[in-house]
Amino acid sequence: MTEKIKKPYYITTAIAYTSGKPHIGNTYEAVLADAIARYKREQGYDVFFQTGTDEHGQKIELKAQDAGVTPKEFVDGVSTQIRGIWDMMNTSYDKFIRTTDDYHEAQVQKIFKKLYDQGDIYKGYYEGLYCTPCEAFFTESQLVDGKCPDCGREVQPAREEAYFFKMSKYAQRLIDHINQHPEFIQPVSRKNEMMNNFLLPGLQDLCVSRTSFTWGVPVSFDPKHVTYVWLDALTNYITGIGYQCDGESSGQFHKLWPADLHLIGKDIIRFHTIYWPIFLMALDLPLPKQVFGHPWLLQGDGKMSKSKGNVLYADTLVDFFGVDAVRYFVLHEMPFDNDGIISWELMVERLNSDLANILGNLVNRTISMTNKYFGGEVKATGAREEVDEDLKATVLEAVKKVDAKMNQLRVADAITETFGIFRRCNKYIDETMPWSLAKDEAKQDRLAEVLYNLVEAITIGASLLVSFMPDTSGKILAQLNAEKRGLDQMETFGLYPSGGKVTDKPEILFARMDVKEVMEKVETMQAETAKESETEAAKENVSETVIDLEAKPEITYEDFAKLQFQVGEIISCEAVKKSKKLLCSQVKVGSQIRQIVSGIKAHYTPEEMVGKKVMVVTNLKPATLAGILSEGMILCAEDAEGNLAIMKPEKDMPAGAEIC
């Protein structure tokens, strides 16, 4: 058993990105960190739990433009929403930092300048493949199937002036640190991934500024640049506790740093175990003691999608099941190293089996029997039997196992061990059969001892639950009229005061739910959500793409029928010399090759045109353009800004196919 240690414990989550409302997978991390923080407090640590929001970057600038508000107005709203969800889930954070906080932005500027002055940052140009959602550049070799290796989305070529950090300068030092501190990156699979895929092959210098957008912390000595999101966001772990780059850091910083645990999602492990440690080395600061990259919580019936209406949000789940049921589910269903699965059906199953039956029914039966047989009084009589010793041994061993699992950050296993106490209590009831003992006057002392053992075991189990399901823990202890036990008090079985009284009105902790009724409600809700999403998308399309043209005189079908439209395949194309607008294409239409001159040079290169299937007017009277004969017209669409797009058949059609 871990002894109480009066020393600080600093735990952080990754700060949530304010691009939108977090789904249940994002919320899981805050709940997981809260469970660890609460348990560390039970162990006697002076815990400081920091979370917050990451509020800069190109993606947010674009989101704000779409919403018709300033970036600051946009992030104010989303940050408030995120904090509200963390509060709803009963997370006991001590600090909620925002990267738009003035003190944070000031320190980011000073950190950037310090690293530049000491030669770790230099100016250059970046040319690569950029993923806007991840705000990250990649080389061709880093892509997976030609797409972003982190999120799987499309990347775009980009080139811009930027400042770079000399990562290779510190790479070997970081490799040595990881080898000397095997506990630094957890689980081990994450450590192996970082070493083999990134560190050992050699690090490229890291882009740490951007000029293509403005929503960020300006570089103080070159304000057309803004600090790249990772140098800005990662430093929250030190600015939030009083780090001062050019002066005396606060007493809190000296007390708490280095952090004991950075809790993050596995998708951002690279930034926290390579970039962040190297930044800290450059600042001459110690590295965090441990970075844990937890797995993902995945939707059981496929990827979450707004268009399907199946994105799961914490507040929706809480409306159905309650806060502690949702906390139990996300903590219990997430393995240490592998992704977990969430679905409505599985949540109902867990609610009914684990929470309503194993836990809720146990508490209700124990209190009801105590009231029925002894007027609510709990008495230790000493009328023990061998089965009692097995119950006690199971409970005390579970306490030790929970402690061991929590020290390893195996939270799901710790909850399973806790519920092992409640399972054993239910079995104990079946073994001792209190209702049968109650029929024999000579066995009243034995009956009292059985109920005392149940109350004592449940008290210990409920005390362990406080880290995972704090409200439920409090409700159980209140109904038993018991004080929450400290971990050291759980080493002894039998501390419940003999003569104490349980409540005379036991509360139903968790009501069973009918899975069919729940799924009917869910399907209705998802259909409504999907319909709203479609409506919003339609409105956006109307506002963005509709163009009204002045109407031309009406024509008859006979007029229209005079025009011949066919599919053409461009087999070669070249720019028309001495013309800024024209391209000359050789277009295959059926068995013929037609030469067509088009004013599209500003929008397409000759190389882009070759191989395209296009829509062609083939019976247009030939004309001479810039001294070159044109034998038809390639059809294009034009928007309000004059941008052109060649009209192409939706499906692959043979050259010469009639368009009708």
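Strand 5 (residues 121-131) pairs with strand 6 in the antiparallel sense over three bridges. In this predicted model, local features need pLDDT of at least 70 and side-chain atom pairs count only at pLDDT 80 or more, whereas totals for chains, interfaces and linings use all residues. Residues are numbered from 1 along each chain as its sequence is written, and side-chain values use heavy atoms, with hydrogens and water left out. Helices (H or I, at least four residues) and strands (E, at least two) are DSSP runs numbered from the N terminus; two strands pair if DSSP finds at least two bridges between them.

**The sheet around strand 5**

Within the pairing of strands 5 and 6, Tyr130 has Phe137 as its bridge partner in strand 6, and Cys131 stands opposite Ala136 of strand 6. The two strands make a hairpin with four residues between them. Glu135, in the turn of this hairpin, has a positive phi of about 50°.

Strand 5 also pairs with strand 7, again in the antiparallel sense, over ten bridges. On that side, the bridge partner of Tyr130 is Gln156 in strand 7. Tyr130 thus has a bridge partner in strand 6 and another in strand 7.

Together, four strands form an open sheet in the order 6-5-7-9, with antiparallel pairing. Its edges are strand 6 and strand 9, each of which pairs on one side only. Strands of a sheet pair through backbone hydrogen bonds, either parallel or antiparallel.

Helix 10 lies across strand 6, strand 7 (156-165) and strand 9, and runs at about 30° to strand 7. Contact here means heavy atoms within 4.5 Å. Axes are lines fitted to C-alpha atoms, for helices over the stretch in contact, and angles run from 0 to 180 degrees between N-to-C directions.

**Pocket and cavity**

Both edge strands of the sheet and helix 10 (269-282) recur in the lining of the second largest pocket. Strand 6 (136-138), helix 6 (188-199), strand 9 (206-207) and helix 10 each supply at least two of its lining residues. The pocket encloses about 710 Å³ of space and is lined by 32 residues. Phe138, Gln142, Phe198, Arg270 and Tyr275 are the lining residues nearest its centre. By class, this lining has 19 nonpolar, six polar and seven charged residues.

The terms rest on a 1 Å grid over the protein atoms alone: a cavity is a set of points where a 1.4 Å probe fits but cannot get out, a pocket is an open set with protein on both sides within 12 Å along at least five of seven lines, and lining residues have an atom within 4 Å of a point. Grid points are joined across faces, edges and corners, and a volume is the space filled by probe spheres set on the points. Ala, Val, Leu, Ile, Met, Phe, Trp, Tyr, Cys and Pro count as nonpolar, Asp, Glu, Lys and Arg as charged, and the others, Gly among them, as polar.

The structure holds one cavity of 30 Å³ or more. The largest cavity has a volume of about 30 Å³, and its lining consists of Tyr39, Glu42, Ser463, Leu464, Val466, Ser467, Leu487 and Met490. Helix 1 (24-42) and helix 17 (444-465) are the elements that give two or more residues to this lining. Five nonpolar, two polar and one charged residues make up the lining of the largest cavity.

**Backbone geometry and single residues**

Most residues other than glycine have a negative phi, and most peptide bonds are trans. The table lists two cis peptide bonds.

| Cis peptide bond | Omega |
|---|---|
| Gln186 and Pro187 | about -10° |
| Trp257 and Pro258 | about 10° |

Pro187 is placed in the loop between strand 8 (185-186) and helix 6, and Pro258 in the loop between helix 9 (251-256) and strand 12 (261-265).

Asn90, although not a glycine, has a positive phi of about 65°; this residue is found in the loop between helix 3 (71-88) and strand 4 (95-98). Met433 likewise is not a glycine and has a positive phi of about 45°, in the loop between helix 15 (411-432) and helix 16 (434-437). Asn90 is partly exposed at a relative accessible area of 23%, and Met433 is partly exposed at 38%. Buried means under 20% relative accessible area, exposed over 50%, and partly exposed in between (1.4 Å probe, protein chains only).

Gln479, in helix 18 (residues 470-480), counts as buried because its relative accessibility is 6%. Not counting residues up to four places away in sequence, Gln479 touches Ile367, Val502, Thr503, Lys505, Pro506, Glu507 and Leu509.
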